[in-house]
Amino acid sequence: MNIDEIKRIRLNLVSSIKENKSEGIYKLLTELYPDNAHFIYELLQNAEDAGATKVFFNLQKDFLRFRHNGKRVFNEQDIDTITNFATSTKADDLTKIGKFGIGFKAVFSYTNTPKIYSGRYAFKIYDFIIPDTIDDIVRDKNETVMLFPFDNPKKPKEQAYNEIKLGLEKLHDNALLFLNNIAEINIAYEQNEYAIVRNELDDIQVEIHNSKINNKSRWLRFKTYLPDNNSFYVSVAYEISKNEKTNLDEVAKINGEVSIFFPAEKETSKLCFHLHAPFLSTVARDSIKDLPENKNLIQLLSKTIEDSFEYLKSNDLLTTSFLEVLPNKDDNLSEIYLPIYEKCIDAFRTKELMLTDDGSFQKANLCYRGSSNLKKLIDKENLRILVDEPNGFWSKNAPQRNGRADKFIMNLEIKEFSDKNFIDTINAMKVREIEKFFISKSDEWYLDFYVFLYDTKEAVNFTDFKKFIKLKDGSLNTDQEECRFESEFKVNNLLYVKKETYTSASNKENNHKAKELLKKI
């Protein structure tokens, strides 16, 4: 149908609506969206589907002008669709974002007569659904231009301007992060002209520059295409920042958003990274529905996150600080996002992803947690002897006790070998076991051992440790006889503590601690 035929049919429809006093349908159409400026995303959506790489918003006091360089311009079917109810040429095309023919109707919150110039067509729309031919403007014939005069009497021009201005200012990285085509959003209002630009360095690394605030954000964006579909995909995006202390790149903890190509403004994941999927959603695409199809997409997202760990590991980003980004039980994720937490936990338990003190990555079920003081004293070889586990490792401690990373490690249920476990273990050793474990230790190790006992609250019964004292002749005081310091006592019938065991290190504080401990024993 041409525009005149569409106009004739729509006039009949409008007449019928008015005759049946059903004008409320117009109000319904403009109130389907979560905020008044939501139509900005509808415009971006249509530009993305048209294959546009650049879009331009020009906000004036009386109107909004939007244009894009989409390869696909309007045809008769598009005109029929955009002036109709709940129909779309994209309804059966899974490669398109737009699924609702009513999406464009959100513009009528601001305008009664939107004007569209695309290809060989120039027309306006009035009464929501009636197209009418208008004079064309000077433009590039390969460009689509839309003009929205603020002529809705229910929305004063100043209010329309301020709401749209706020909507444009809210556009940020996530407006471009998950799109295939649009790589540049240009915005102009008052004295402001700026652009948000996406630059894809490779299949994973993405940079987004916002010239308004002169900021460049960096992202790792991982995609997994839907089975038997090379156009639709799910995606997870981590933001990368520079650690001020180390000057090294790390994954930053952010307030994660959920996108259906564009942010779903009422959807909260409670995650610390961004998600995208072609979720089945509310009409306004502001939240996702609790449907089996969406749960399948969450499962695919969970697998995408698991797969991303190998990339992070290979690029020195799978650090203990990264664990702060991962979910833990205290996040209280809703049921729909819980599989993401479960997949992360399972991955660290069954794959070599847990960073250890020796710099290697191991399965969490082979790792042990311990205090920093104990780990300085007991390396992994000694740990394996004490816990009788030939493949045991010390897991790297989290940056902060009871912080997010520490909670994630606790959720992994990694075995703990605490200070008390160590003291109880050596205390239960028989003489031969003591001699085998302790006799080969250096004087420097003994100094650390004495300092550890001095600093450890669990080591309250010091009399039990006489058997671990290293004597002047290099043997151990396993009979727990009385001892004296060589430098201070000259009693022939007593054993002498080797002086070097508490003076071999230059740290005066450690020397003092060791000496005081031995005196107390």
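Ile240 stands opposite Val251 in strand 12, and this pairing is a good place to enter the model, which is a predicted one. Strand 11 (residues 233-242) and strand 12 (residues 249-252) run antiparallel and are joined by four bridges. The two strands form a hairpin with six residues between them. In that turn, Asn247 has a positive phi of about 65 degrees, a backbone angle you may like to look up on your own screen.

Two further hairpins follow one another elsewhere in the chain. Strand 3 (115-118) is joined to strand 4 (residues 121-126) by four bridges, and the two run antiparallel. Here Tyr117 stands opposite Ala122 of strand 4. Two residues lie between the strands of this hairpin, and Gly119 in the turn has a positive phi of about 60 degrees. Strand 4 then pairs with strand 5 (residues 130-133), again in the antiparallel sense and over four bridges. Tyr126 has Ile130 in strand 5 as its bridge partner. This hairpin has three residues between its strands, with Asp127 in the turn at a positive phi of about 50 degrees.

Just ahead of strand 3 in the sequence there is a lysine to consider. Lys105 belongs to the loop between helix 4 (76-82) and strand 3. Is Lys105 buried or exposed? With a relative accessible area of 0%, Lys105 counts as buried, because the cut-off for that class is under 20%. Its C-alpha lies 8.3 Å from that of Ile82, although the two residues are 23 apart in sequence.

Parallel pairing appears as well. Strands 19, 18 and 20 form an open sheet in the order 19-18-20. Strand 19 (393-394) and strand 20 (415-416) are its edges, each pairing on one side only. Between strand 18 (residues 367-369) and strand 20 there are two bridges in the parallel sense, and Tyr368 has Lys415 as its bridge partner in strand 20. As background, strands of a sheet pair through backbone hydrogen bonds, either parallel or antiparallel.

Now let us turn to the helices. Helix 7 (residues 338-350) has 13 residues and spans 19 Å from its first C-alpha to its last, close to the 18 Å expected at 1.5 Å a residue. Its buried residues are Pro339, Ile340, Tyr341, Cys344, Ile345, Ala347 and Phe348. An α-helix has 3.6 residues a turn, so residues three or four places apart point the same way. The buried residues of helix 7 pack against strand 15 (274-276), helix 6, strand 16 (354-355) and helix 10 (404-411).

Phe348 also leads us to the largest nonpolar core. Of the 115 residues in this core, Leu44, Phe57, Leu171, Ile185, Tyr238, Phe309 and Phe348 touch the most other members. Helix 6 supplies the largest share of the core, seven residues. Apart from this core lies another, of 32 residues, including Leu377, Phe417, Ile423 and Phe465. Back in the largest core, what does Phe57 touch, leaving aside residues up to four places away in sequence? Among its contacts are Ile40, Leu64, Leu168, Ile185 and Ala188, along with the polar or charged side chains' owners Asn186 and Arg65. The aromatic residues also meet as rings. There are 31 aromatic pairs in the count, one of them formed by Phe222 and Tyr311. Their rings are edge-to-face, 5.4 Å centre to centre with 75 degrees between the planes. The pair links distant parts of the chain, with Phe222 in strand 10 (residues 215-225) and Tyr311 in helix 6 (residues 292-314), 89 residues apart. Phe222 is buried, at a relative accessible area of 8%, whereas Tyr311 counts as partly exposed at 21%. Further along the chain, Phe422, Phe437, Phe438, Trp445, Tyr446, Phe449, Tyr450, Phe452 and Phe468 form one aromatic cluster.

Rings meet charges too. The charged end of Lys61 sits over the ring of Tyr161, 4.0 Å from the ring centre. Likewise, the charged end of Lys223 sits over the ring of Tyr233, at 4.3 Å from its centre.

Finally, a view of the whole protein. Its secondary structure comes to 15 helices and 22 strands. Of the 521 residues, 51% are buried. Among contacts between residues at least 6 apart in sequence, 59% join residues at least 24 apart.

Terms used:
Residues are numbered from 1 along each chain as its sequence is written. This is a predicted model: local features need pLDDT of at least 70, side-chain atom pairs count only at pLDDT 80 or more; totals for chains, interfaces and linings use all residues. Side-chain values use heavy atoms; hydrogens and water are left out. Rings of Phe, Tyr and Trp (its six-membered ring) pair if their centres lie within 6.5 Å; planes under 30 degrees apart count as stacked, over 60 as edge-to-face and the rest as tilted. Buried means under 20% relative accessible area, exposed over 50%, partly exposed in between (1.4 Å probe, protein chains only). A charge sits over a ring if NZ of Lys or CZ of Arg is within 6 Å of the ring centre and within 35 degrees of the ring normal. A nonpolar core is a set of buried Ala, Val, Leu, Ile, Met, Phe, Trp, Tyr and Cys residues joined through side-chain atoms within 4.5 Å. Contact means heavy atoms within 4.5 Å. Two strands pair if DSSP finds at least two bridges between them. The expected span of a helix is 1.5 Å times one less than its number of residues.
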